[in-house]
Amino acid sequence: MMTTYTFKESLLKSKKIIVVNEQKEECGEIRGTNLKGFEKGNGFIYHPFTGTPTFLGIKKNGIKRLVQTNYEAKHDEEHYHFSDKLGANFLYFCVLGEIQQQSVCFEENWDRHIECKIGGKLFAKIKPNEWTLQTTIEFLEPVDHSTPLFSITILMSFMYKIYNKEAAFLEDLLFE
């Protein structure tokens, strides 16, 4: 049974973003935030209205960042580490890591959607719409929206937007 969540971004970075389910019930909010050790402006927190907040951001790692981006999520006392799939990151968005001892892959497909796979099995699809600023996330299985898996999936859409901005900037530099 598929479950759908949506949120619409604001052009104002300081505004909170509300996540709603398919019944139009508010489930939580997303805000940009800065933490020590992370790139300024590249960190976000999802705070479910019932449950523990989750932070996801891009780790500072100097010049290595040009080759491979490292991400870290914090949920309660747990830390989850992710990184770009080396080599693929120059062609498309692909982030690998583990959440609660399960391998996770967030990978851009030909439709410019992000497929979230757990142990190689499709779990969710992130469908951003750059024109309406609305993002739809379809979970193929029921998921508790207070878990790190749900929160990180929601927040990974922001990492994808950062990736796209940086890729466009590099493309302009290289091909103009």
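## Lys-59 and its salt bridge

Lys-59 is partly exposed, with a relative accessible area of 25%. In this predicted model, its side chain meets that of Glu-72 in a salt bridge, at 3.4 Å from N to O. Glu-72 lies in strand β6 and Lys-59 in strand β5, so the bridge ties together parts that are 13 residues apart in sequence. The acid is the covered partner here: Glu-72 is buried, with a relative accessible area of 6%. Buried means under 20%, so Lys-59 at 25% misses that class.

## Other charged pairs

Side chains of opposite charge can pair when their charged atoms come close. The count comes to eight salt bridges. One of them joins Glu-138 to Lys-127, with the closest N and O atoms 3.1 Å apart. This pair links distant parts of the chain: Glu-138 sits in strand β12 and Lys-127 in strand β11, eleven residues apart. Glu-138 counts as buried at 16% relative accessibility. Lys-127 counts as partly exposed at 24%. Salt bridges with shared partners also join Lys-16, Glu-29 and Arg-31 into one network.

Glu-115 and Lys-117 supply a further bridge, at 3.6 Å from N to O. Glu-115 is buried, with a relative accessible area of 17%. Lys-117 is partly exposed at 23% relative accessibility.

## Aromatic pairs

The structure holds eleven aromatic pairs. Phe-93 and Tyr-160 form one that is edge-to-face, with 5.4 Å centre to centre and 70 degrees between the planes. Phe-93 lies in the loop between β7 (78–84) and β8 (94–99), and Tyr-160 lies in helix α1 (residues 148–175), so the pair ties together parts that are 67 residues apart in sequence. Phe-93 and Tyr-160 are both buried.

Phe-139 and Phe-150 form a stacked pair, with 5.1 Å centre to centre and 25 degrees between the planes. Phe-139 belongs to strand β12 (residues 134–139) and Phe-150 to helix α1, so this pair ties together parts that are eleven residues apart in sequence. Both rings belong to buried residues. Phe-139 and Phe-150 are also members of one aromatic cluster, together with Tyr-5, Tyr-46 and Phe-123.

## Val-95 in strand β8

Val-95 lies in strand β8. Its relative accessible area is 0%, so Val-95 is buried. Leaving out residues up to four places away in sequence, Val-95 touches Tyr-71, Phe-82, Ser-83, Asp-84, Val-104, Cys-105, Phe-106 and Met-156. Val-95 and Asn-70 are 25 residues apart in sequence, and their C-alpha atoms are 8.9 Å apart in space.

## Asn-21 at the end of β2

Asn-21 is found in strand β2 (residues 17–21). It counts as buried at 11% relative accessibility. Its side chain reaches the backbone nitrogen of Gln-23 at 3.0 Å. Setting aside neighbours within four places in sequence, Asn-21 is in contact with Thr-4, Tyr-5 and Cys-27. Tyr-5 is also part of the aromatic cluster.

## Positive phi outside glycine

Lys-24 is not a glycine, yet its phi is positive, at about 65 degrees. Lys-24 is found in the loop between β2 and β3 (26–32). Lys-24 is exposed, with a relative accessible area of 66%.

Leu-133 also has a positive phi of about 65 degrees and is not a glycine. Leu-133 is found in the loop between β11 (121–129) and β12. At 24% relative accessibility, Leu-133 counts as partly exposed.

## A nonpolar surface patch

Ile-63, Leu-66, Val-67, Leu-86, Phe-90 and Leu-91 make a nonpolar surface patch of about 710 Å². Ile-63 lies in the loop between β5 (54–59) and β6 (70–75). Ile-63 is exposed, with a relative accessible area of 68%. Strands β5 and β6 also carry the Lys-59 and Glu-72 salt bridge.

Technical notes:
Residues numbered from 1 in each chain as written. Predicted model: local features only at pLDDT ≥ 70, side-chain atom pairs only at ≥ 80, totals over all residues. Heavy atoms only, no water. Patch = residues over 30% accessible without salt bridge, like charges linked within 9 Å, V, L, I, M, F, W, Y side chains within 5 Å. Areas by Shrake-Rupley, 256 points an atom, 1.4 Å probe, with all protein chains shown as cover. Salt bridge = Lys/Arg side-chain N within 4 Å of Asp/Glu carboxyl O. Helix = DSSP H or I, 4+ residues; strand = E, 2+ residues; numbered from the N terminus. Buried < 20%, exposed > 50% of the residue type's maximum accessible area, 1.4 Å probe, protein only. Polar contact = N/O pair within 3.5 Å; in protein donor to acceptor, adjacent residues only side chain to side chain. Contact = heavy atoms within 4.5 Å. Phe/Tyr/Trp six-rings, centres within 6.5 Å; stacked < 30°, edge-to-face > 60°.
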